[in-house]
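Here are my comments on the model you sent round. They are numbered so that you can reply point by point.

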Amino acid sequence: MIQTHAPVHSVEEIASGIFRLSFRSREVASAALPGQFVNVKVNDSLFPLLRRPFSIFSVESEAVSIVFNVIGEGTRILVSKKPGDVVDVIGPLGNGFSVAMDSKNYKTALIVAGGLGIAPFPFLLSQIGKDKKVLSFTGARTSNQIVRLGMGHMHIATDDGSEGFAGNVVDLLEEHLSHHHYELPRIFCCGPARMLKRLSDFAQKKGIECYASLECAMACGVGLCQGCPVETINGKKKYVLVCKEGPVFETSTVFV
Ligand SMILES: Cc1cc2nc3c(=O)[nH]c(=O)nc-3n(C[C@H](O)[C@H](O)[C@H](O)COP(=O)(O)OP(=O)(O)OC[C@H]3O[C@@H](n4cnc5c(N)ncnc54)[C@H](O)[C@@H]3O)c2cc1C
Ligand code: FES
């Protein structure tokens with residue numbers, strides 16, 4: 001885990017209302033794994049006090065980027081950053097998708113993203129083994145909110161039917177898998193809690209392994225405050241911490 005004052009390289013709008021902030025840190029870039037996150041102190045005043053967690057979206061040489069939409073004070077400050085400003089970053093944090101990526105027990109990666117749940121996947125796609133077949137499914141409210149950067153070909157679902165499948169991304173995946181068969185599939189997913197719950201149930205019904213990156217409110221981000229528990233299913237411990245033991249979990253092991 002590294003704490004660094006990293007210079008901002010750029011802030012750009014990559015889809016309607018969705019921004020990518022890149023900062024330079026050789027240390028974070030070289031240690032990062034897909035699915036890990038960084039905890040960002042958005043400015044050096046006391047407000048907002050808490051760091052904000054963001055998935056690592058991409059790593060290119062020394063440049064690390066995150067994506068976000070403006071929902072509160074923290075992201076409002078982040079979007080106003082200019083090249084050369086400094087952000088205080090702790091990371092990379094959490095386990096990432098490495099447990100799910102490394103295993104030889106799958107041949108097809110089914111990547112499923114809802115909204116800004118796309119955030120960890122460009123980095124994952126850049127690192128996933130060339131021996132795997134990869135299919136990506138993404139859902140958004142409307143076409144211009146789809147993040148396409150770094151994703152290659154995607155099967156798209158939009159709530160308003162403005163592009164691709166009209167409906168949600170879980171229905172799209174189910175529909176697709178009812179017509180196509182893939183060898184040893186494994187689901188990698190991130191998005192709203194309701195979507196992850198549906199995917200978890202679907203995967204269990206179909207006997208597909210499913211790894212989800214969970215989101216929850218966090219304070220310390222490093223396992224100290226006990227503020228981010230998730231209940232396990234038949235685990236040795238009743239609760240595990242999303243920031244430390246996650247954010248990626250096999251969905252049959254925790255109540256998503
Ligand atoms: C491991 C992890 C990775 C994340 N990765 C990303 C990412 O890549 N991109 C991204 O945009 N966001 C991501 N988030 C969520 C992100 O941390 C919050 O959106 C961010 O803290 C908002 O900060 P803010 O100050 O703008 O809003 P706040 O003022 O903190 O919150 C505004 C409103 O949003 C709600 N809220 C805040 N965080 C969450 C959350 N995690 N889930 C649901 N509601 C929330 C608050 O309750 C409040 O109502 C991630 C969260 C976690 C735990
Ligand atoms: S956020 Fe503090 S323990 Fe997870």
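The points below take the two sheets in turn, then the helices, the ligand shell and the backbone details.

1. Status of the model. This is a predicted model. Please read each value below as computed from predicted coordinates.

2. The antiparallel sheet. Seven strands make an open sheet in the order β4-β3-β7-β1-β2-β6-β5. The pairing is antiparallel. β4 (52–55) and β5 (58–60) are the edge strands, and each pairs on one side only. On average, neighbouring strands of this sheet are turned by 40° against each other, direction ignored.

3. Register of β1 and β2. β1 covers residues 2–15 and β2 covers residues 18–24. The two strands run antiparallel and are joined by six bridges. To check the register, start at Ser-10, which stands opposite Ser-22 in β2.

4. β6 and its partners. How much of β6 is buried? Five of its seven residues are, so the strand is mostly covered. β2 pairs with β6 in the antiparallel sense over seven bridges. Within that pairing, Phe-19 has Phe-68 of β6 as its bridge partner. β5 also runs antiparallel to β6, with three bridges between them. There, Glu-60 stands opposite Ala-63.

5. The β5–β6 turn. β5 and β6 form a hairpin with two residues between them. Ser-61 sits in the turn and has a positive phi of about 55°. Ser-61 is not a glycine, which makes the sign worth a look. Is Ser-61 buried or exposed? Ser-61 has 9 other C-beta atoms within 10 Å, so it counts as exposed; the limit for that class is 12 or fewer.

6. The mixed sheet. A further open sheet of seven strands has the order β11-β10-β9-β8-β12-β13-β16. The pairing here is mixed. β11 (165–166) and β16 are at the edges. Each has a single partner strand, so one side of each is left without a neighbour in the sheet. A parallel pair in this sheet is β9 (residues 133–140) with β10 (residues 155–158), joined by four bridges. Thr-138 has Ile-156 in β10 as its bridge partner. α5 packs on the sheet and touches β8, β9, β10 and β11. The direction of α5 makes about 145° with that of β9.

7. Helix α6. Does the length of α6 add up, or what span should its residues give? The helix has 14 residues, 193–206, and at 1.5 Å a residue these should span 20 Å. The end C-alpha atoms are 20 Å apart, which agrees. The expected figure takes 1.5 Å times one less than the number of residues.

8. Packing of α6. The buried residues are Met-195, Leu-196, Arg-198, Leu-199, Ser-200 and Ala-203. Note the arginine at 198 in that list. The buried residues pack against β8 (108–114), α5 (169–179), β12 (185–190) and β13 (209–213). α6 lies across β8, β12 and β13, and runs at about 165° to β13. Just after the helix, Gly-207 takes a positive phi of about 70°.

9. Ligand 1. Which residues are closest to ligand 1? They are Phe-68, Gly-72, Gly-74, Thr-75 and Ala-119, out of 22 residues that surround the ligand. β4, β6 and α2 (73–79) each supply at least two residues of the shell. By class, the shell has 14 nonpolar, five polar and three charged residues. Phe-68 therefore links this point to the β2–β6 pairing, as the bridge partner of Phe-19.

10. Cis peptide bonds. The bond from Phe-47 to Pro-48 is cis, with omega near -5°. Pro-48 is in the loop between β3 (37–41) and β4. The bond from Gly-246 to Pro-247 is also cis, with omega near 10°. Pro-247 lies in the loop between β15 (239–241) and β16 (248–250).

11. Gln-226. This residue is not a glycine, yet it has a positive phi of about 60°. Gln-226 lies in the loop between β13 and β14 (229–231). With 12 C-beta neighbours inside 10 Å, Gln-226 counts as exposed.

Note on methods:
Residues numbered from 1 in each chain as written. Chains lettered and ligands numbered in written order. Predicted model: local features only at pLDDT ≥ 70, side-chain atom pairs only at ≥ 80, totals over all residues. Buried ≥ 20, exposed ≤ 12 C-beta atoms within 10 Å, placed from the backbone. Contact = placed C-beta atoms within 7 Å. Pairing = 2+ DSSP bridges. Axes fitted to C-alpha atoms, helices over the stretch in contact; angles between N-to-C directions. Near = placed C-beta within 6 Å. Nonpolar A, V, L, I, M, F, W, Y, C, P; charged D, E, K, R; others polar.
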